[in-house]
Amino acid sequence: AVRLDGPLFDLPGGPLRFALGGELRSESFEQGGFVGTTPVPEDLSRDITSLYGELFIPIFGEGNEAPGFHSLSLSLSGRYDDYSDFGSTKNPKVGVNWEPIEGLALRGSYGTSFRAPGLRQVGATVGAYYLSAAQAAAAANDPTRGLAQVNTVYLLGGNDNLQPEEAETYSFGLDFNPTSLRGLRASLTYYNIEYTEVIGTPSVPLVFTDPTFASLVYRDPTVTELNSLLSIAVPVTLPTPLPTIGNVLDLRLNNFGIRETDGLDFDVNYRWDTSFGAVFADLA
């Protein structure tokens with residue numbers, strides 16, 4: 001990793017500061033193992049190249065303070081990450097801090113972020129498992145087939161088509177530390193996070209009933225479809241010869257989930273200085 005930061009030049013509101021950096025990283029994972037007598041070693045690796053930059057721009061400050069603008073600053077940043085096994089991602093962030101008067105600060109920010117899928121989420125061995133029609137009636141009941149359940153094959157494991165989990169976040173709030181009451185500090189923040197492309201796999205009842213997962217259910221697959229799906233997997237509990245298969249369920253990890261959350265954080269505290277030390281009270 002390499003990083004360069006510091007002041008670029010002075011503005012009336014203060015020094016304009018910057019940061020630039022880059023990182024090179026390699027990750028690897030190895031393990032041996034067998035499914036029955038079939039060796040299924042995993043030898044996974046990836047290379048990551050990252051670049052980032054940030055500007056801190058003081059618009060108002062000690063040198064040009066004005067009525068309603070005790071201080072005002074803007075921060076702009078961005079990050080680029082390139083992964084050798086699934087692609088690249090770009091994420092910006094912008095933040096504003098404004099003090100209309102000394103002791104009262106208003107702030108807001110917006111940005112995006114990501115979490116890369118783990119090496120084994122992308123590259124872990126895919127296993128193929130078998131359920132007879134009687135077993136499927138209990139463990140993988142297809143409601144479209146009624147009492148006529150069918151022999152079923154399902155796949156579990158990693159997925160080399162995974163994309164990163166992504167988040168869009170924003171927040172705004174205020175901080176209060178009045179000059180007339182220096183022992184008081186208070187803050188209030190509203191935050192909102194929308195988390196998409198969350199990695200997971202659906203439960204078996206949902207895979208049949210939620211339209212989101214319709215593409216994962218192959219009913220009465222053709223020989224070509226069945227062979228194509230089995231070609232990416234190691235047979236774990238498949239009988240030989242394989243009987244007629246009525247359903248194939250592709251339950252490998254995928255980018256299915258969405259999480260949305262928002263809320264309020266607040267903190268009010270006060271400090272009393274006394275002859276024997278200090279006393280604190282806090283509510284958060």
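**Strand pairing, ring pairs and a nonpolar patch**

In this predicted model, strands E7 and E8 pair in the antiparallel sense over seven bridges.

User: Which residue of E8 stands opposite Lys93, and which residue in the hairpin of E7 and E8 takes a positive phi?

Analyst: The residue of E8 that stands opposite Lys93 is Gly111. The hairpin of E7 and E8 has two residues between the strands, and the residue there with a positive phi, near 100°, is Gly103.

User: How many bridges join E6 to E7, and how many residues lie between them in their hairpin?

Analyst: Strand E7, residues 87-101, runs antiparallel to E6, and the two are joined by 13 bridges. Within this pairing, Asp81 stands opposite Thr89 in E7. E6 and E7 form a hairpin, and the number of residues between them is three.

User: How many aromatic pairs does a search of the whole structure find, and what is the angle between the planes of Tyr83 and Phe114?

Analyst: The search of the whole structure finds nine aromatic pairs. One of them is formed by Tyr83 and Phe114, an edge-to-face pair with 6.2 Å centre to centre and, between the planes, an angle of 85°.

User: Where in the chain do Tyr83 and Phe114 lie, and which class of exposure, buried or partly exposed, does each have?

Analyst: Tyr83 belongs to strand E6 (residues 71-83) and Phe114 to strand E8 (residues 104-115), so that the pair links distant parts of the chain, 31 residues apart. Buried means under 20% relative accessible area, and because Tyr83 has 7% relative accessibility, Tyr83 counts as buried. Phe114, at 23% relative accessibility, counts as partly exposed.

User: Why is the pair of Tyr129 and Tyr154 stacked, and how many residues apart in sequence are the parts that the pair ties together?

Analyst: Planes under 30 degrees apart count as stacked, and the rings of Tyr129 and Tyr154 have their planes at 15° and their centres 5.3 Å apart, so this pair is stacked. Tyr129 lies in strand E9 (residues 127-131) and Tyr154 in strand E10 (residues 152-156), so the pair ties together parts whose separation in sequence is 25 residues.

User: Which strands stand at the edges of the open sheet that has the order E13-E15-E10-E9-E14?

Analyst: Five strands form this open sheet, and their pairing is mixed. Each edge strand has a single partner strand, so one side of each is left without a neighbour in the sheet; the two are strand E13 (217-219) and strand E14 (234-235).

User: In which sense do E10 and E15 pair, and what is the bridge partner of Tyr154 in E15?

Analyst: E10 and strand E15 (residues 247-250) pair in the parallel sense, over four bridges. The bridge partner of Tyr154 in E15 is Leu249.

User: Is Glu165 buried or exposed, and which backbone nitrogen does the side chain of Glu165 reach?

Analyst: Glu165 has its place in strand E11, and with a relative accessible area of 5% Glu165 is buried. The side chains of Glu165 and Tyr195 are joined by a polar contact of 2.8 Å. At 2.7 Å, the side chain of Glu165 also reaches the backbone nitrogen of Ile199.

User: Which elements give two or more residues to the nonpolar surface patch, and what is the relative accessible area of Phe9?

Analyst: The patch has about 690 Å², and the residues that make it include Leu8, Phe9, Tyr170 and Phe172. The elements that give two or more residues to the patch are strand E1 (2-11) and strand E11 (165-176). Phe9 lies in strand E1, and Phe9 is partly exposed, with a relative accessible area of 46%.

Conventions. Residues numbered from 1 in each chain as written. Predicted model: local features only at pLDDT ≥ 70, side-chain atom pairs only at ≥ 80, totals over all residues. Heavy atoms only, no water. Patch = residues over 30% accessible without salt bridge, like charges linked within 9 Å, V, L, I, M, F, W, Y side chains within 5 Å. Areas by Shrake-Rupley, 256 points an atom, 1.4 Å probe, with all protein chains shown as cover. Salt bridge = Lys/Arg side-chain N within 4 Å of Asp/Glu carboxyl O. Buried < 20%, exposed > 50% of the residue type's maximum accessible area, 1.4 Å probe, protein only. Phe/Tyr/Trp six-rings, centres within 6.5 Å; stacked < 30°, edge-to-face > 60°. Pairing = 2+ DSSP bridges. Polar contact = N/O pair within 3.5 Å; in protein donor to acceptor, adjacent residues only side chain to side chain.
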